[in-house]
Amino acid sequence: MLGADRVLPLDGAALRGDAVTFVADRADDAAEVAAVAQPVLLAYAPATPNGRAMLVIGGGGYVALMAGREGVQVARWLTGLGYHAFVLIHRFPDAEHGPAAPLDDAGVALRAIRAEGFAAVGVVGLSSGGHLAACLAAARPADWPGEAPPPPDAMVIGYAPISTNAAGRTVVADKPPLAPPEKQALYDALQPDAQLCAAPPPAFIVYAGNDPVVPVANARRLHAAWTAAGGSAECHVFADAPHGFALDTPGLPVSVWPQLCEAWLRQVGFL
C-alpha cells in the first residue's frame with residue numbers, strides 16, 4: 001500500500017480488503033484517502049537508520065487524508081534523514097466511529113511504534129494531522145474512555161487548526177459548527193493549547209501568516225501554551241504561503257522549512 005515496506009493494522013486483526021478506500025487515479029505521492037474502515041500504519045525503512053522513528057500524520061480536515069503529499073512524501077524526507085517513518089491512516093470522526101476515533105488510533109500507533117524498540121519516537125503532523133499530533137502531548141478528555149500514551153519525544157507541527165475550530169474560540173465571526181457533528185465534537189473536546197501537559201517535548205511549529213484556511217492565531221496559541229507549560233518550541237511563520245504547503249512549494253520562502261526543521265532536530269539532539 002503506497003509503496004510501504006510494511007502495512008500494520010492497528011486493530012489487531014488481519015488486513016481487510018476494504019481497510020482503506022483511496023480516491024481513484026492518484027499516484028502514491030499524491031494519494032488521498034476517502035474512507036477508513038480499518039486503521040493502519042504504513043512503515044518506511046531508511047537506508048541508514050539513526051535508531052529513531054517518526055509517526056507521520058497528514059491532514060484532510062478529518063474528512064479525508066492527504067496520505068501522499070502529507071504522508072508518503074514526508075516519510076521519504078524522514079527516511080532520507082535516517083528515521084524509520086510510519087504514516088498513520090486513521091479513522092475519521094463520524095457517526096460510525098465517533099469523535100474519539102482519530103485520537104484512539106494515534107495512541108495505538110504511538111504505542112505500536114514504541115514497542116519496536118526505537119531509541120526515541122517523534123511525530124510530524126500537518127494540518128488536521130498537526131492538531132491530532134499536538135493532542136498526543138495534551139491531556140485526554142476525562143469523559144473519554146481509555147488512557148493517553150506517553151507523549152512523543154519530539155514534535156513537528158505544521159499549519160494545524162489547534163483550537164480555532166472549537167466552540168467559543170473561533171477567530172471567524174459567526175462561524176457555523178463543522179460537519180459532521182462528530183468532527184465538531186472532536187475539536188470542542190480536544191484543544192491541545194488549553195490541555196497541554198506540563199513539560200511537553202521540544203516542538204517545531206511552522207505556519208503561513210496569511211493562511212486562509214487555518215488562521216495564524218493557532219500558531220501563536222500553540223507556541224504560547226508550549227512556553228507556559230515549560231516546554232521548548234521553535235515557531236516559524238512565513239508571511240506568504242498557501243495552506244497545505246507541505247514539501248512541494250518550490251520557489252517560495254516557505255520551501256526552506258524542512259531544512260530549518262532538520263537543523264532544529266540536530267540542535268535538540270533528535271538527529
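## Exercises on burial, pairing and packing

At 18% relative accessibility, E32 counts as buried. This value, like every other one below, is computed from a predicted model, and the exercises begin with the surroundings of E32.

**Exercise 1.** Find where E32 lies in the chain, and explain why E32 counts as buried.

*Solution.* Step one is to place the residue: E32 lies in the loop between β2 (20-22) and β3 (33-36). Step two is to apply the cut-off: buried means under 20% relative accessible area, and E32 counts as buried because its value is 18%. Step three is to list the contacts, which, once the neighbours within four places in sequence are left aside, are T21, F22, V23, R26, A64, L65, M66 and A67. One of these, T21, is 11 residues from E32 in sequence, and the two C-alpha atoms are 8.7 Å apart in space.

**Exercise 2.** Describe strand β4, asking which residues cover its faces and which strands pair with it.

*Solution.* Begin with the count: β4, residues 40-44, has 5 of its 5 residues buried. In a regular strand the side chains alternate between the two faces of the sheet. Sorting the residues by face gives V40, L42 and Y44 on one side and L41 and A43 on the other, and all of them are buried, so both faces are covered. Next come the partners. Strand β1 (residues 6-9) pairs with β4 in the antiparallel sense over 4 bridges, and within this pairing R6 stands opposite A43. Strand β6 (residues 84-89) also pairs with β4 in the antiparallel sense, over 5 bridges, and here the bridge partner of Y44 is A85.

**Exercise 3.** Work out how much of helix α1 is buried, and against which elements its buried residues pack.

*Solution.* The count shows that 10 of the 13 residues of α1 are buried, so that the helix is mostly covered. Among these buried residues are V72, V74, W77 and L78, together with E70 and Q73. The buried residues of α1 pack against β4, β5, β6, β7 (120-126) and α7 (257-267), and β4 is the strand whose residues were sorted by face in the previous exercise. Just after α1, G82 takes a positive phi of about 105°.

**Exercise 4.** Determine which residues touch the most other members of the largest nonpolar core, and follow the contacts of Y207.

*Solution.* In soluble globular proteins, nonpolar side chains tend to be buried together. Here the largest nonpolar core has 89 residues, of which I89, Y207 and W257 touch the most other members. The largest share of this core, 6 residues, comes from strand β9 (residues 203-208). Apart from neighbours within four places in sequence, the contacts of Y207 include I157, Y159, V214, H236 and F245. Y159 lies in the loop between β8 and α4, counts as buried at 0% relative accessibility, and has a positive phi of about 35° although it is not a glycine.

**Exercise 5.** Describe the aromatic pair formed by Y62 and Y187, and state whether each ring belongs to a buried or an exposed residue.

*Solution.* A pair of aromatic rings is described by the distance of the centres and the angle of the planes. The structure holds 7 aromatic pairs. For Y62 and Y187 the centres are 5.5 Å apart and the planes make an angle of 70°, which is edge-to-face. The two residues are 125 residues apart, with Y62 in the loop between β5 (52-57) and α1 (68-80) and Y187 in helix α4 (residues 181-189). Y62 is buried at 1% relative accessibility, and Y187 is buried at 3%. Elsewhere, W77, F204, W257 and W264 form one aromatic cluster.

**Exercise 6.** Explain why C135 and C197 do not form a disulfide.

*Solution.* The sulfur atoms of a disulfide must be within 2.5 Å of each other. The closest cysteine sulfur to that of C135 belongs to C197, and because it is 11 Å away the two are too far apart for a bond. The structure accordingly holds 0 disulfides. The surroundings can then be compared: C135 is buried, with a relative accessible area of 6%, whereas C197 counts as partly exposed at 35%.

Terms used: Residues numbered from 1 in each chain as written. Predicted model: local features only at pLDDT ≥ 70, side-chain atom pairs only at ≥ 80, totals over all residues. Heavy atoms only, no water. Buried < 20%, exposed > 50% of the residue type's maximum accessible area, 1.4 Å probe, protein only. Core = buried A, V, L, I, M, F, W, Y, C linked by side-chain atoms within 4.5 Å. Contact = heavy atoms within 4.5 Å. Pairing = 2+ DSSP bridges. Phe/Tyr/Trp six-rings, centres within 6.5 Å; stacked < 30°, edge-to-face > 60°.
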